[in-house]
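Work through the exercises below with the model open. Try each task before reading its solution.

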Amino acid sequence: GRNYTPSQRVIDQFSNSYFFALPLIILTAAGLGWLLARRAMQPVTEVASEVAKLTGSNLSLRVPLRGSGDELDHMIGNFNSMVSRLEQSFQQIRQFSTDVSHELRTPVTVVRGQLEVALMTAKSEEELREVIEGALVDIDRLSQLIRALLNLAKAEAGQ
């Protein structure tokens with residue numbers, strides 16, 4: 001037989017060193033992993049903060065390319081072109097709304113004006129009839145415009 005006490009002492013020393021060093025190694029690895037992950041995610045965080053500045057009323061903002069030519073730059077380029085298309089669509093909607101409100105206001109104002117003048121100045125039933133017929137023509141034009149707008153809305157909705 002052989003005395004295994006020195007071998008057991010070496011094993012005990014290794015075990016004690018291992019169990020004391022293991023938490024330190026794990027904490028160091030976790031800290032380094034966190035720092036590396038934070039550094040790796042920093043460009044994404046910067047892009048996210050730039051994107052957060054974008055609002056519906058401020059679609060002129062563009063995220064600057066980083067110049068690295070990587071996937072993040074490709075994503076930024078696609079995002080900027082999408083925002084450009086959105087900005088153009090919003091501009092078209094604003095212009096369309098302005099045009100529609102003008103086109104609808106004009107015939108309604110004309111009809112109202114004709115009817116008010118007729119009520120104040122018409123001296124006979126024939127004069128009233130003429131004004132009402134003119135108002136009906138304008139109302140027909142207004143109805144055609146509204147039908148066209150409804151058809152356009154249905155076409156855009158895929159109906």
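**Exercise 1. Find which helices have the lowest and highest mean pLDDT.**
Start with the scale: pLDDT is the predictor's confidence in each residue, from 0 to 100. Helices are DSSP runs of H or I, at least four residues, numbered from the N terminus. Among the elements of the chain, H3 (residues 125–156) is lowest at 81, and H1 (residues 5–52) is highest at 90. The chain mean is 85.

This is a predicted model: local features need pLDDT of at least 70, side-chain atom pairs 80 or more, while totals for chains, interfaces and linings use all residues. Residues are numbered from 1 along each chain as its sequence is written, and side-chain values use heavy atoms, without hydrogens or water.

**Exercise 2. Determine which residues of H3 are buried, and what covers them.**
Apply the cut-offs: buried is under 20% relative accessible area, exposed over 50%, partly exposed in between (1.4 Å probe, protein chains only). Ala135, Asp138 and Leu142 are buried. The cover includes helix H2 (71–121), by contact, meaning heavy atoms within 4.5 Å.
Now cross to H2, where Glu103 is found. Glu103 and Leu142 lie 39 residues apart in sequence, but 8.5 Å apart C-alpha to C-alpha.

**Exercise 3. Classify the aromatic pairs.**
Rings of Phe, Tyr and Trp (its six-membered ring) pair with centres within 6.5 Å; planes under 30 degrees apart are stacked, over 60 edge-to-face, the rest tilted. The count is two. Phe14 and Tyr18 have centres 6.0 Å apart and planes at 20 degrees, so they are stacked. They sit four residues apart in H1, about one helical turn. Tyr18 and Phe19 have centres 5.5 Å apart and planes at 70 degrees, so they are edge-to-face. Ring pairs thus link Phe14, Tyr18 and Phe19 into a cluster.

How values were computed: Helices (H or I, at least four residues) and strands (E, at least two) are DSSP runs, numbered from the N terminus.
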